[in-house]
Amino acid sequence: MEALLKLPFFTDDQRAFARELNVNARQHDWPDPEGGDDAQALLSALKTLGKAGVLEHAVGEPWSMRTNVLAREVLAYHSGIADLAWAMQALGGVPLLIAGSDDQKAILSNAVTGEYCLGFAITEPDAGSDLSRLALRAELVGDSYILNGEKHLVSNVGVADYFVLFARISDDRRGISAFLLDTKLHGLSFEQQRPISPHPLGRITFNDVKLPASALIGAEGDGMKIALATLGRMRTTVAAAANGFARRAVDEALRHAKSRRMFGKTLGEQPIAQGILAEMQARLDASRLLTYRAAYEFDSGQERIPMQAGVAKWQSTENAQWIIDKALQLAGGMGALHGSIFERLYREIRPLRIYEGASEVQQIVIATEMLKE
Ligand SMILES: Cc1cc2nc3c(=O)[nH]c(=O)nc-3n(C[C@H](O)[C@H](O)[C@H](O)COP(=O)(O)OP(=O)(O)OC[C@H]3O[C@@H](n4cnc5c(N)ncnc54)[C@H](O)[C@@H]3O)c2cc1C
């Protein structure tokens, strides 16, 4: 971690934050979600992060991309569930920072401590990459919105106290609005979906759910703008999480390569294994540098960084998948057993290439920016 941390992307405070978080995260006994109760594991990790003050950076202002990128890289290195707890709190909190009313922002004081758990619900069975297809309906009746429809593949279903929710108020282009949804409301039902990595995820069904008009975030029709601004900001942090998983894989692969003996030498002394280790390191360095660049440019006042964030997310998540696959290969059969660190990382990295803009969506974003220039 140290070598790249010394580069001029970071301030001394940010370096100190990353070092301290790394020490604390290494020493902490993170809950193991593999036993089945990923919801409890997530809530426990959230409380730990709240107590340690880390969530102030996720849902507080000023919002530093560099601090948050370092937080996710460090957390993902040590614990996927800790990284997820951080990520979902930020994903639910950032829209409120961007466009929430004072009353809506008030919930952030409980989100910072980990007392409230947040989420972000936009995906529907018929609308994932193409968000213009959103169909969940919010109809203004008197001074309330009545919601009918469904969301799926939503993280923190069954755990979150509040979701930032996106729903359609009309059929035109500006027809999407954002709402703050209290999960205790009548008419909501939740159903778990199980992803390949430990992760509370599920479907939300809305049956005449009545939301007060004060739940609207920003103005009517601002939903797509708020969603894209949030996802645009979070994308660089997804890259950072991928780098954390990948850096762990490189360290574990190195440890294994140094000790495993075969053909009269260690695995690390076999030329083909050396080639693989070298490529792992090169890809990891490239990914981290791209991510730090995006974070630096965001913090330098460039709020919109579609090109830099797209390149960072696409390359970091794809490189991380490659690195983890090669690390598991070097670990041999033991690496493919349930419970090995390589197997865990192999499952944990996979959704990052899909959510918050799949790799193909990032390619489109990047090419569109290139063609504009
Ligand atoms: C673990 C996990 C957690 C998630 N958490 C949340 C959450 O908290 N909140 C939420 O709202 N959603 C969440 N999602 C949903 C996620 O954001 C969507 O799965 C994602 O946006 C892709 O949408 P989709 O699944 O409908 O795939 P589709 O949109 O059907 O896309 C399928 C595939 O098509 C390819 N593709 C897409 N566009 C193009 C294109 N233009 N050209 C070529 N190929 C293309 C991509 O490879 C993509 O993976 C989560 C998903 C997972 C797996």
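These are my notebook entries on a predicted model, taken element by element.

**Entry: domains**

I began with the domain assignment, which gives domain 1 (2–111), domain 2 (118–224) and domain 3 (227–372). I then looked up the pair formed by domain 2 and domain 3, whose C-alpha centres lie 31 Å apart. Ten residues from domain 2 and eight residues from domain 3 make up the contact between them. I sorted the side of domain 2 that touches domain 3 by class and got seven nonpolar residues, three polar and no charged ones.

**Entry: ligand shell**

Which residues come nearest to the ligand? I found T123, G128, S129, S155 and E360, out of 20 residues around the ligand. By class, the shell holds 13 nonpolar residues, six polar and one charged. I noted that β1 (118–121), β3 (144–155) and α13 (359–372) each provide at least two residues of the shell. By domain, at least three residues of the shell come from domain 2 (118–224), and at least three from domain 3 (227–372).

**Entry: nonpolar core**

I looked up the largest nonpolar core and found 113 residues in it. The residues with the most contacts inside this core are A85, W86, F179, F245 and I324. Helix α9 (residues 223–259) gives the most to the core, with 13 residues. As background, I wrote down that nonpolar side chains tend to be buried together in soluble globular proteins.

I picked F245 and listed what it touches, leaving out residues up to four places away in sequence. The list is A76, A320, I324, L345, E348 and I349.

**Entry: helix α3**

How far apart are the end C-alpha atoms of α3? They are 21 Å apart, and this agrees with the expected span, because 15 residues (38–52) at 1.5 Å a residue should also cover 21 Å. I listed the buried residues of α3 as D38, A41, L42, A45, L46, T48, L49 and G50. An α-helix has 3.6 residues a turn, so residues three or four places apart point the same way. What covers the buried residues of α3 includes α4 (55–59) and α6 (80–99). After the helix comes G53, with a positive phi near 85 degrees.

**Entry: helix α10**

I did the length check again on α10 (residues 271–299), which has 29 residues. From first C-alpha to last, α10 reaches 42 Å, close to the 42 Å expected at 1.5 Å a residue. G301, just after α10, takes a positive phi of about 105 degrees.

**Entry: backbone angles**

I looked up a cis peptide bond and found it between E61 and P62, with omega about 0 degrees. P62 sits in the loop between α4 and α5 (65–78).

Two residues went down here for a positive phi without being glycine. L153 has a phi near 55 degrees, and its place is in strand β3. Is L153 buried, partly exposed or exposed? L153 counts as partly exposed because it has 19 C-beta neighbours inside 10 Å, where 20 or more would make a residue buried. F263 has a phi of about 50 degrees and lies in the loop between β9 (261–262) and β10 (265–266). I noted F263 as exposed because its count is 8 other C-beta atoms within 10 Å, and the limit for exposed is 12 or fewer.

**Entry: two residues in helices**

L96 is in helix α6. With 24 other C-beta atoms within 10 Å, L96 is buried. Leaving aside neighbours within four places in sequence, I found L96 in contact with Q104, K105, L108 and I217. I also looked up L96 against D285: the two are 189 residues apart in sequence, and their C-alpha atoms are 34 Å apart in space.

E369 is in helix α13. E369 counts as partly exposed, with 16 C-beta neighbours inside 10 Å. Not counting residues up to four places away in sequence, E369 touches P306 and M307. Last, I looked up E369 against M1: 368 residues separate them along the chain, and 31 Å separates their C-alpha atoms.

Notes. Residues numbered from 1 in each chain as written. Predicted model: local features only at pLDDT ≥ 70, side-chain atom pairs only at ≥ 80, totals over all residues. Helix = DSSP H or I, 4+ residues; strand = E, 2+ residues; numbered from the N terminus. Expected span 1.5 Å × (residues − 1). Contact = placed C-beta atoms within 7 Å. Near = placed C-beta within 6 Å. Nonpolar A, V, L, I, M, F, W, Y, C, P; charged D, E, K, R; others polar. Domains from an automatic or database assignment. Core = buried A, V, L, I, M, F, W, Y, C linked by C-beta atoms within 7 Å.
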